[in-house]
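Please open the structure in your viewer and keep the selection tool at hand. We will go from the overall picture to single residues.

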Amino acid sequence: MSPDSSSTFHHLQVAFEDARNASARKDRFIAIAAHELRQPLAALVLQAEALRRTGIHRNDEFLEELGTDLRATARRQARLICDLVDVARARSGKLQLCTETIEVGTLVRRVVSTMASVSPSVSLHFDIDPPERLLCRVDGVRVEQIVSNLTENALKFAGAQGRITVRVLAENGFARISVADTGRGIMPDAIDTIFDTFGES
């Protein structure tokens with residue numbers, strides 16, 4: 001091996017060790033951050049349950065529903081945080097799916113209602129066709145993630161006077177969810193990178 005080749009090999013070894021150490025530090029940081037985030041969420045679940053029980057005790061449907069929704073939201077967030085702990089699965093993009101039979105229209109309507117409440121200036125509409133119950137076996141948390149991300153993106157680009165339409169359709173035995181907005185649209189040169197991690201959409 002020539003001196004130049006030996007030097008190059010040494011530099012590659014050093015670079016590899018640096019990269020491996022940096023990856024290990026990142027994994028430790030994610031594990032610690034996930035652990036710290038779970039603690040306040042656990043407290044929030046308990047407080048939401050207390051609110052729900054108070055609503056039941058007082059025969060107050062609003063408080064009961066609010067507590068139920070808060071508890072469900074906190075539990076969903078706790079599950080998403082748990083995904084961070086499994087760094088190997090997160091790095092490979094393989095996240096575990098927990099499927100169950102749910103009514104897709106109800107799930108999407110809940111997400112849309114939440115998004116509409118935080119952006120009252122935008123005209124946000126929801127349609128479901130057919131109007132009857134549309135049962136599908138899906139991972140509800142992942143579907144909520146998808147709909148929330150798409151709707152949030154639409155809110156960002158629709159503008160204050162924009163309009164967003166979220167639809168749930170029954171199509172060939174499947175549920176099809178679409179989110180459309182009246183924003184400026186996607187620039188042609190961004191099509192190839194729009195689904196890259198943290199890509200601008």
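**The whole chain**

Of the 201 residues of the protein, 26% count as buried, where buried means under 20% relative accessible area, exposed over 50% and partly exposed in between, with a 1.4 Å probe and protein chains only. This is a predicted model, in which local features need pLDDT of at least 70 and side-chain atom pairs count only at pLDDT 80 or more, while totals for chains, interfaces and linings use all residues. Residues are numbered from 1 along each chain as its sequence is written, and side-chain values use heavy atoms, with hydrogens and water left out.

Colour by secondary structure next. You should find 5 helices and 5 strands, in the order α-α-α-β-α-β-β-α-β-β from the N terminus. Helices (H or I, at least four residues) and strands (E, at least two) are DSSP runs, numbered from the N terminus.

Now show the surface: about 14100 Å² is accessible, and carbon and sulfur atoms hold 57% of that. Such areas come from the Shrake-Rupley method with a 1.4 Å probe; for residues, only the protein chains shown count as cover.

**The sheet**

Select 123-129, 163-171 and 174-181. These belong to an open sheet of 3 strands with the order 2-4-5 and mixed pairing; two strands pair if DSSP finds at least two bridges between them. Strand 2 (123-129) and strand 5 (174-181) are the edges, each pairing on one side only. From one strand to the next, the twist averages 10°.

Add helix 5, residues 140-158: this helix packs on the sheet and touches strand 2, strand 4 and strand 5. A contact means heavy atoms within 4.5 Å. The direction of helix 5 makes about 20° with that of strand 5; axes are lines fitted to C-alpha atoms, for helices over the stretch in contact, and angles run from 0 to 180 degrees between N-to-C directions.

**Along strand 2**

Zoom in on strand 2, which pairs with strand 4 in the parallel sense over 7 bridges. Asp-127 has Arg-167 as its bridge partner in strand 4, and Asp-129 has Leu-169. Which residues form the covered face of strand 2? They are Leu-124, Phe-126 and Ile-128, while Ser-123, His-125, Asp-127 and Asp-129 make up the uncovered face.

**A last stop on helix 2**

Finally, select Leu-66, which lies in helix 2 (residues 61-85). Leu-66 counts as partly exposed because its relative accessibility is 32%. Together with Phe-62 and Leu-70, Leu-66 makes a nonpolar surface patch of about 280 Å².

Notes: Patches are made of residues with over 30% relative accessible area and no salt bridge: like charges are joined within 9 Å, nonpolar side chains (Val, Leu, Ile, Met, Phe, Trp, Tyr) within 5 Å. A salt bridge is a side-chain nitrogen of Lys or Arg within 4 Å of a carboxyl oxygen of Asp or Glu.
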